[in-house]
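Biologist: Could you walk me through this model? I would like to start with the cysteines and then move on to the rest of the fold.

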Amino acid sequence: MGFEGADPGTVRPGGRTARVRAAVLRATGDALAERGFAHLDLADIARRAEVGRTTVYRRWGTVTILVADLLMDMAEQSLPRTETGSLLGDLKANARLVRRTLADPRQGALFKAVIAAATCEAKTAEALHRFYDIRVKEWAPCVQQAIDRGEVPDGTDVQEVIRAVSAPLYHRLLISGDLLDEAAADRAAEAAAAAARAGAYLRGGEGGA
């Protein structure tokens with residue numbers, strides 16, 4: 001799954017080209033985590049990745065396109081959903097995965113930098129939205145399966161339930177600074193599951209509890 005169009009950095013390469021891309025994206029993530037979006041520099045990325053500057057400039061062109069490619073790669077490399085046979089079990093698996101990512105020193109700092117950049121960079125915002133949309137859609141079938149089992153009402157907005165799981169965890173990362181532990185992840189999942197069972201996420205005019 002890639003970005004539409006033929007922007008630099010969006011073609012999925014193979015062989016040596018794939019190794020170069022992997023090195024450049026790793027260097028980009030490191031630089032983002034260490035210094036933030038404002039200090040990203042293509043020449044520095046090339047140095048970190050130990051590849052030629054012309055390769056980086058030709059393939060990506062701008063740091064914004066490079067970050068967009070990094071986010072797409074992260075979405076593609078993320079772990080697939082876990083299916084436990086119950087809505088609560090599935091949502092807890094999702095919440096714990098999100099928590100591990102955001103609590104990781106490198107990944108947490110990386111996401112903070114990207115989210116900050118997205119507030120003022122339209123293409124970065126678009127890339128972040130696509131990243132999140134991919135991850136929500138990956139986990140949404142867990143809620144559909146819960147509907148099919150009769151755990152939650154018909155007409156439940158499956159994507160909204162998944163968003164409700166991760167929202168409190170991003171709030172802790174970006175706003176409150178509260179501890180991002182497994183207990184917080186489980187509470188987020190439990191709250192989303194309870195609300196879904198109560199019909200809080202029914203689409204307007206559809207279904208019923």
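**Cysteines, fold and packing**

Modeller: C142 is buried, since its relative accessible area is 0%. Please keep in mind throughout that this is a predicted model.

Biologist: And C120, is that one buried or exposed?

Modeller: C120 counts as exposed, because its relative accessibility is 63% and the cut-off for exposed is over 50%.

Biologist: How many disulfides does the structure hold?

Modeller: The structure holds zero disulfides.

Biologist: OK, stepping back, how many helices and strands does the chain have?

Modeller: There are nine helices and zero strands in the chain, so that the pattern read along the sequence is α-α-α-α-α-α-α-α-α. The C-alpha trace spans about 60 × 35 × 30 Å along its principal axes.

Biologist: What share of the residues is buried?

Modeller: Of the 209 residues in the chain, 46% are buried. As for contacts between residues at least 6 apart in sequence, 69% of them join residues that are at least 24 apart.

Biologist: Now the core. Which residues touch the most other members?

Modeller: In the largest nonpolar core, which has 70 residues, V24, L32, L91 and L169 touch the most other members. At least two residues of this core come from each of α1, α2 (42-49), α4, α5, α6, α7, α8 and α9, and the largest share, 12 residues, is supplied by α7. As a general point, nonpolar side chains tend to be buried together in soluble globular proteins.

Biologist: Take L169, then. What is it in contact with?

Modeller: Leaving aside neighbours within four places in sequence, L169 is in contact with A95, V98, R99, L102, L180, A184, A185 and A188.

Biologist: L180 is on that list. Where does L180 lie?

Modeller: L180 lies in the loop between α8 and α9 (182-197). Although in a loop, L180 is buried, because its relative accessible area of 12% is under the 20% cut-off. Not counting residues up to four places away in sequence, L180 touches R99, L102, A103, L169, R172 and L173.

Biologist: How far is L180 from K137?

Modeller: Their C-alpha atoms are separated by 24 Å, and the two residues are 43 apart along the chain.

Biologist: Staying with α8, what about S166, buried or exposed?

Modeller: S166, which is found in helix α8, counts as buried because its relative accessibility is 3%. With neighbours within four places in sequence left aside, S166 is in contact with V98 and Y132.

Biologist: Let's change to α1. Which residues does T28 contact?

Modeller: T28 is found in helix α1 and counts as buried, at 0% relative accessibility. Apart from neighbours within four places in sequence, T28 is in contact with L40, I45, L66, V67 and L70.

Biologist: And G29, what does that touch?

Modeller: G29 also lies in helix α1 and is buried, with a relative accessible area of 0%. Not counting residues up to four places away in sequence, G29 touches L70, R106 and L110, so L70 is a contact of T28 as well as of G29. From G29 to R47 the C-alpha distance is 14 Å, with their positions 18 residues apart in sequence.

Biologist: Anything odd in the backbone, say at E50? What is its phi?

Modeller: Phi of E50 is near 60°, which is a positive value in a residue other than glycine. E50 lies in the loop between α2 and α3 (53-59), and E50 is exposed, with a relative accessible area of 73%.

Biologist: Last topic, pockets. What volume does the largest one have?

Modeller: The largest pocket has a volume of about 510 Å³. The elements that give two or more residues to the lining are α1 (15-35), α4 (63-77), α5 (87-103), α6 (105-118), α7 (122-149) and α8 (158-176).

Biologist: Which residues lie nearest its centre?

Modeller: Of the 27 residues that line the largest pocket, M74, S78, T101, F111 and F131 lie nearest its centre.

Biologist: And how does the lining divide by class?

Modeller: By class, the lining of the largest pocket comprises 16 nonpolar, seven polar and four charged residues.

Conventions:
Residues numbered from 1 in each chain as written. Predicted model: local features only at pLDDT ≥ 70, side-chain atom pairs only at ≥ 80, totals over all residues. Heavy atoms only, no water. 1 Å grid on protein atoms, 1.4 Å probe; cavity = no way out; pocket = protein on both sides within 12 Å on 5 of 7 lines; lining within 4 Å. Points joined across faces, edges and corners; volume = space filled by probe spheres on them. Helix = DSSP H or I, 4+ residues; strand = E, 2+ residues; numbered from the N terminus. Nonpolar A, V, L, I, M, F, W, Y, C, P; charged D, E, K, R; others polar. Disulfide = S-S within 2.5 Å. Buried < 20%, exposed > 50% of the residue type's maximum accessible area, 1.4 Å probe, protein only. Contact = heavy atoms within 4.5 Å. Core = buried A, V, L, I, M, F, W, Y, C linked by side-chain atoms within 4.5 Å.
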